[in-house]
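Open the structure in your viewer and keep the sequence panel beside it. This tour goes from the whole chain to single residues, one selection at a time.

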Amino acid sequence: MNARTTQPTGFKTKPLLMTGICGTALMLACSPAQAQTAPAGQEATPDGSPQTAAANSLPTANGPSEADTSVADIVVTGTLLRGVAPTGTNVVALSSADVVASGATSANQILARVPQVTSAFNTVPTLVNGGPGSAVVRPNLRNLPAVGGSTTLVLIDGHRAVNAGILQTSPDPDVVPPALLERVDVVPDGGSSIYGSDAVGGVINFITKSRFNGIETNARYGFADNYYTVDASVTAGKDWGLGSIYAAYAFSKNDAIFGRDRDYYTQVSPSGGFCPPGTVSIARGAATTTYALPNRVAGTSTNCNPYDNASIFPAVERHSFFAGLTQKLSDAVRFEVKAFYTRRETIGATDLTSTGFPSYGQTVTITPANPFYVPIAPDTGSQSVSFSYAGYLDNKQRNRLDEWGVTPSITAELGSGWQLRALGNYGRSVIDASAPSINAAAQAAAIAATTTATALNPYNLSATNPDVLRSIQAVDYGRSKQELINARLILDGALFHIGGGDVRLAAGAEYIEETFAGAYGIIPVGRQDLAPRGSASRRVKSVFGELAIPIVGSENAFGGVESLTLSASARYDSYSDFGDTFNPKFGATYKPVSWITIRGNYGTSFNAPSLADSAGAPDSRVQILPVSPFREATSPFIPDFLRSTLILAGGNPNLKPQKATTWSVGGDVRPTFINGLTLSATYYNIRLKDEIGLAPFYAPAAIFQPAYSNFYKLNPTLAQAQAAAGTLPLDGAASLASLYGGPLGGPYVLFDARRNNLGELRQSGIDFNASYNLPTSFGSVFASAGGTYTLKREVAPIKGQAFINDLQNPGSSRFSLLASVGTKVGGLTATATLSHSAGYNLSTPLISAAFGTQTKVGAFNPVDLFFAYDVAGEGVFKDLSFTLNINNIANEDPPFYNLGTGTTNGTTLGRLVQFGVRKKF
């Protein structure tokens with residue numbers, strides 16, 4: 001992939017092979033111009049390609065984009081100002097050619113090629129099962145906590161996108177088909193002073209085509225072991241100079257990969273006898289004897305791989321429509337509108353023999369009252385039977401997303417270099433999701449039934465009345481509808497001229513309205529009306545501004561100071577639900593000589609809790625357990641174990657934003673004496689407070705300590721329980737009062753297990769890259785290496801507690817690297833890319849009977865190959881090109897992890913071969 005680092009200085013009007021700078025952050029339209037342009041520091045090579053800081057990148061293989069761009073109209077992600085790059089900040093950009101080279105069929109797969117994006121460690125980012133718990137894939141820069149809301153801001157063409165999801169919500173990048181992207185900008189820095197909420201870890205901006213002329217078709221087919229993928233797109237448009245109109249349709253489809261299809265996805269611990277047809281257990285005194293069905297031989301139990309029939313990559317089908325219109329209404333006014341619609345359907349599967357979370361393997365106690373009871377001598381009058389509904393109940397997990405949006409904008413030139421940009425944006429998303437579940441009450445009634453017509457036969461499910469099995473089948477169901485209304489006005493231009501150049505100002509105001517309506521719960525099949533519901537809305541009013549001051553520039557440069565630019569930005573947001581927040585940021589860019597840049601910035605950022613985590617959470621409830629598995633150290637075990645437990649679960653209307661202080665300092669070197677070489681490094685530091693998370697009510701040793709005293713109450717009175725529960729629905733009892741008055745008293749403990757503002761995080765690290773582009777007599781040779789290294793990651797679970805090292809937790813690889821080497825010979829481009837994720841030590845060794853003791857998780861080093869050939873012929877061969885991707889050419893498995901499944905912290909499609917063809921008419 002080709003991640004290009006845009007340097008934080010002004011722009012120079014030099015030729016640049018750049019696939020579309022139009023539609024960048026905070027402005028949707030760009031004026032046509034006659035020349036390609038580049039950010040400062042990008043010098044054109046003799047063949048016209050840019051010498052860029054190719055952090056984590058493959059070289060760009062495509063030619064110029066459809067529309068040239070005027071430097072004066074460019075607004076780069078991370079700033080409000082036209083014509084300047086964000087001061088003190090690094091911007092990583094992927095071109096449309098990089099998207100093609102990645103072989104990605106979804107936007108999230110593109111982001112998997114950026115080391116700073118840590119959405120998944122060693123995994124293919126996707127909806128793993130497709131059920132309500134994973135309704136969207138949430139991109140995450142820096143692996144920051146994102147339980148409530150998102151710590152990474154996702155933009156489409158510089159503006160916010162409507163949220164999607166059920167239990168957790170955020171914009172879903174997959175609504176943007178890769179074929180329609182001009183480029184993707186990633187700013188791994190705090191950005192709330194410019195954009196407001198969510199820009200804690202940084203900003204990801206998906207920039208789509210703005211102008212198009214002609215007809216272009218793309219098609220690809222890929223295959224791996226027991227897997228295929230196909231995607232195609234067609235774009236048609238007309239450009240008449242003063243305007244352009246285009247429409248595009250993109251289609252993609254892949255089938256599912258199951259645990260049985262990949263040998264790395266394997267069983268570590270025994271399945272416990274749940275595998276069909278099941279296992280009988282009989283307790284006689286202190287001893288328990290097992291009997292595998294159907295033969296009932298003492299000391300045996302059924303066993304299988306409980307992950308064989310689970311999908312580790314679901315089947316996905318996506319249809320996307322995009323359209324755009326831009327028109328110059330006069331010499332001073334330009335209008336643009338973009339609209340899209342996407343439908344994505346995902347079908348995964350769970351293995352109904354699994355005993356993880358959720359657990360589908362079942363254990364019931366059967367007595368002679370059940371007509372199917374079979375005694376095993378010497379019989380004790382009851383048996384425990386472990387079994388599963390595999391083959392009898394639906395195991396599919398389904399997820400359907402429908403999303404559409406429309407964004408009109410007007411750009412007006414006011415004279416003297418001042419410009420006014422107005423934008424409106426409306427978006428709507430609807431998600432329907434379901435996964436298999438068990439109706440525990442119906443199952444218990446069927447076990448206790450006394451006739452063959454109404455009883456469950458756990459020894460042989462095929463002998464059970466089908467109506468009984470249908471009554472036991474339940475659905476883990478979720479649905480949400482979300483809407484976004486967004487209006488923004490930005491004014492920017494030059495205030496006055498000083499020695500270093502023009503002092504530039506941008507100021508604006510924004511209005512955002514969000515609504516959420518969701519339903520979630522375990523319900524009988526076909527009874528979606530019974531799912532608990534929640535809804536909420538918020539309004540946000542904001543004002544913001546940015547000032548850039550060029551202290552030293554070309555007009556007053558002197559020895560040791562080629563240029564010096566300072567910037568300040570700030571944003572004030574007023575939320576209707578939790579109040580106000582103010583976030584400033586300061587930046588500086590210093591060039592001692594023309595080929596060295598030193599930059600730095602400091603600011604604060606925040607992310608607001610999502611509506612699905614606060615008042616509108618559809619999973620809000622009081623979960624009542626009939627016994628108390630939790631016990632404070634001095635509590636008598638038996639009496640307190642027999643008392644009930646109250647758990648407040650779901651959303652929390654009292655949530656406050658997560659707040660962060662971020663700063664970074666870095667430098668870029670492009671030596672003039674080594675043409676084509678770029679070196680870059682950035683140190684970053686993040687301190688996150690009021691982290692939204694869950695108190696560890698499931699870990700008694702952790703919860704019963706003074707730090708968590710605000711989250712539990714021992715021996716709550718009825719009045720205290722009723723005050724805490726409020727109007728929340730009760731799950732497990734008809735009323736709270738019914739839990740009081742028994743011989744042991746009321747509930748033993750009340751836990752607040754809702755989403756809460758809990759702890760803190762401190763993280764620092766280094767981003768780096770090096771690239772070299774060498775023109776040759778036959779074309780060019782290029783190489784790049786870039787990545788990120790985490791120096792420190794410490795967490796305090798509760799504010800005030802001591803910080804602990806978090807770098808030895810599963811999935812916390814501290815070093816990610818992408819290194820590429822390639823060549824361009826005539827119309828042929830060939831590139832090899834190594835993706836490296838470092839291994840890590842385990843703070844607590846993992847032990848299993850099958851695999852022994854594990855103290856370290858290994859590294860993952862897949863290598864991808866990419867080939868592109870431009871035919872460069874005439875007639876039918878004109879504008880014709882072919883591509884070949886071979887991802888993970890060595891078919892390397894992710895590193896082994898001795899817990900649950902063989903590699904629960906890693907998945908790969910395996911060796912994936914994709915053939916592509918592109919033709920323009």
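Start with the whole protein in cartoon view: it has 8 helices and 48 strands. Keep in mind that this is a predicted model. Of its 921 residues, 56% count as buried. Switch on the surface next. The protein exposes about 34,500 Å², and 60% of that is supplied by carbon and sulfur atoms. Contacts can also be sorted by distance along the sequence. Among contacts with a separation of 6 or more, 73% are between residues 24 or more positions apart.

**Stop 1: a sheet**

Select strands E17, E16, E15, E22 and E21, which in that order make an open sheet of 5 strands with antiparallel pairing. Which strands stand at the edges? They are E17 (297–298) and E21 (362–366); each has a single partner strand, so one side of each is left without a neighbour in the sheet. In general, strands of a sheet pair through backbone hydrogen bonds, either parallel or antiparallel.

Now zoom in on E17 and its partner E16 (residues 287–292), which pair in the antiparallel sense over 2 bridges. Within this pairing, Ala292 stands opposite Val297 of E17.

**Stop 2: a helix**

Select helix H4, residues 440–448, and colour Ala442, Gln443, Ala446 and Ile447, which are buried. Look down the axis of H4: its buried residues fall within an arc of 135°, so they line one face of the helix. Give a second colour to Ala440, Ala441 and Ala448, which are exposed on the other side of H4.

What do the buried residues of H4 pack against? Their partners are E21, strand E22 (383–387), strand E24 (418–438) and helix H5 (466–472). E21 and E22 also belong to the sheet of the previous stop. Before leaving, look at the start of H4, where a side-chain oxygen of Asn439 comes to within 3.3 Å of the backbone nitrogen of Ala441.

**Stop 3: a threonine in a loop**

Select Thr77, in the loop between strand E3 (38–39) and strand E4 (91–95). Is Thr77 buried or exposed? Its relative accessibility is 0%, so Thr77 counts as buried. Show the side chains around Thr77. Its side chain makes a polar contact of 2.8 Å with the side chain of Asp185, and another of 3.0 Å with the side chain of Asn205.

**Stop 4: aromatic rings**

Display the side chains of Phe, Tyr and Trp; the rings whose centres lie within 6.5 Å count as pairs, and there are 20 aromatic pairs. Take Tyr249 and Phe321: their ring centres are 4.9 Å apart and their planes stand at 40°, so the pair is tilted. Tyr249 lies in strand E13 (residues 243–254) and Phe321 in strand E19 (residues 315–328), so the pair ties together parts 72 residues apart in sequence. Tyr249 is partly exposed at 25% relative accessible area, and Phe321 is partly exposed at 42%.

Move on to Phe851 and Phe896, whose ring centres are 5.0 Å apart with planes at 50°, so this pair is tilted. Phe851 is in the loop between strand E44 (840–848) and strand E45 (852–857), and Phe896 is in the loop between strand E47 (880–887) and strand E48 (912–920). The pair therefore ties together parts 45 residues apart in sequence. Phe851 is partly exposed at 39%, and Phe896 is partly exposed at 30%.

For the last selection, pick Phe630, Phe704, Tyr712 and Phe751, which ring pairs link into a cluster.

Conventions:
Residues numbered from 1 in each chain as written. Predicted model: local features only at pLDDT ≥ 70, side-chain atom pairs only at ≥ 80, totals over all residues. Heavy atoms only, no water. Helix = DSSP H or I, 4+ residues; strand = E, 2+ residues; numbered from the N terminus. Buried < 20%, exposed > 50% of the residue type's maximum accessible area, 1.4 Å probe, protein only. Polar contact = N/O pair within 3.5 Å; in protein donor to acceptor, adjacent residues only side chain to side chain. Pairing = 2+ DSSP bridges. Contact = heavy atoms within 4.5 Å. Areas by Shrake-Rupley, 256 points an atom, 1.4 Å probe, with all protein chains shown as cover. Arc of directions from axis to C-beta. Phe/Tyr/Trp six-rings, centres within 6.5 Å; stacked < 30°, edge-to-face > 60°.
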